[in-house]
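Got the model open in your viewer? Let's walk through it one selection at a time.

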Amino acid sequence: MLELKKRLARLLVEKSYREGDFTLASGRKSDYYFDCRVTALHPEGSWLIGTLFNELLAGEDIKGIGGMTLGADPLVSATTVISHEKGRPLAGLLVRKEAKGHGTGQFVEGMGNFKPGDRVVMVEDVVTTGGSVLKACERVKAAGLEIVAVCAILDREEGGREIIREAGYELKALFTRRELLELART
């Protein structure tokens, strides 16, 4: 798993990591920005993310994985595809930012693959304050599923882990910023 993490770290730093002056979704200022979508939509990046999330979740008794659209879409897809390949199929779900304006008007897509009480893990590319993933968790809980953990590619170590823990979930991250940069150099 370490070799795969090194490969992903190199790809993330090459394609998704930028230093400069940025305003994050949380409104905070930062000297770096991490746009995981570029790596998650790259063929090797998608495969590595799906493989590493499956390894991270190997011990969890879960039915599926989900996250807030648009950022989590490629993460959910990569993880579900690899889960099938590994013989431990996980269904996917996506949480809308706004309720669908027509048809069923639902917030959560993919519920046809689940039954009430099924256990799921929520995914996020980057955790800063945890706000967006916790909003997704609320909607998934309201849809009748049980959330057992939150997984992220990067924990910025800016309080999100603690806020997620206070909400009753464990954060499992593939990298912190320091780990990402160190592994990318090896």
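How many residues does helix α3 have, and how far does α3 reach from its first C-alpha to its last? Select residues 43-56 to find out: α3 has 14 residues and reaches 20 Å, close to the 20 Å expected at 1.5 Å a residue. Keep in mind that you're looking at a predicted model.

Stay on α3 and color G45, L48, I49, G50, T51, L52, F53 and N54, which are buried. Now bring up what covers these buried residues: the list includes the helices α1 (2-15), α2 (36-40) and α4 (73-85), along with the strands β6 (119-127), β7 (146-155) and β8 (171-176).

Next, pick out I153. Together with F34 and F175, I153 has the most contacts inside the largest nonpolar core, a set of 35 residues. Which residues does I153 touch, leaving aside those up to four places away in sequence? Among them are I49 and F53, both of which you just colored in α3 as buried. Show L12, F34, C36, L75, E124, D125, L174 and F175 too, since I153 also touches these. Apart from the largest core lies another one, of 21 residues, so select M68, V140, V150 and Y169, which are among its members.

Last stop: the largest pocket, with about 570 Å³ of space. Of the 26 residues lining this pocket, A25, E124, D125, V126 and S132 lie nearest its centre. Elements giving two or more residues to the lining are β2 (29-34), α2, β6 and α5 (131-142). Color the lining by class and you'll get 10 nonpolar, eight polar and eight charged residues.

Methods. Residues are numbered from 1 along each chain as its sequence is written. This is a predicted model: local features need pLDDT of at least 70, side-chain atom pairs count only at pLDDT 80 or more; totals for chains, interfaces and linings use all residues. Side-chain values use heavy atoms; hydrogens and water are left out. Helices (H or I, at least four residues) and strands (E, at least two) are DSSP runs, numbered from the N terminus. The expected span of a helix is 1.5 Å times one less than its number of residues. Buried means under 20% relative accessible area, exposed over 50%, partly exposed in between (1.4 Å probe, protein chains only). Contact means heavy atoms within 4.5 Å. A nonpolar core is a set of buried Ala, Val, Leu, Ile, Met, Phe, Trp, Tyr and Cys residues joined through side-chain atoms within 4.5 Å. On a 1 Å grid over the protein atoms alone, a cavity is a set of points where a 1.4 Å probe fits but cannot get out, and a pocket is an open set with protein on both sides within 12 Å along at least five of seven lines; lining residues have an atom within 4 Å of a point. Grid points are joined across faces, edges and corners, and a volume is the space filled by probe spheres set on the points. Ala, Val, Leu, Ile, Met, Phe, Trp, Tyr, Cys and Pro count as nonpolar, Asp, Glu, Lys and Arg as charged, and the others, Gly among them, as polar.
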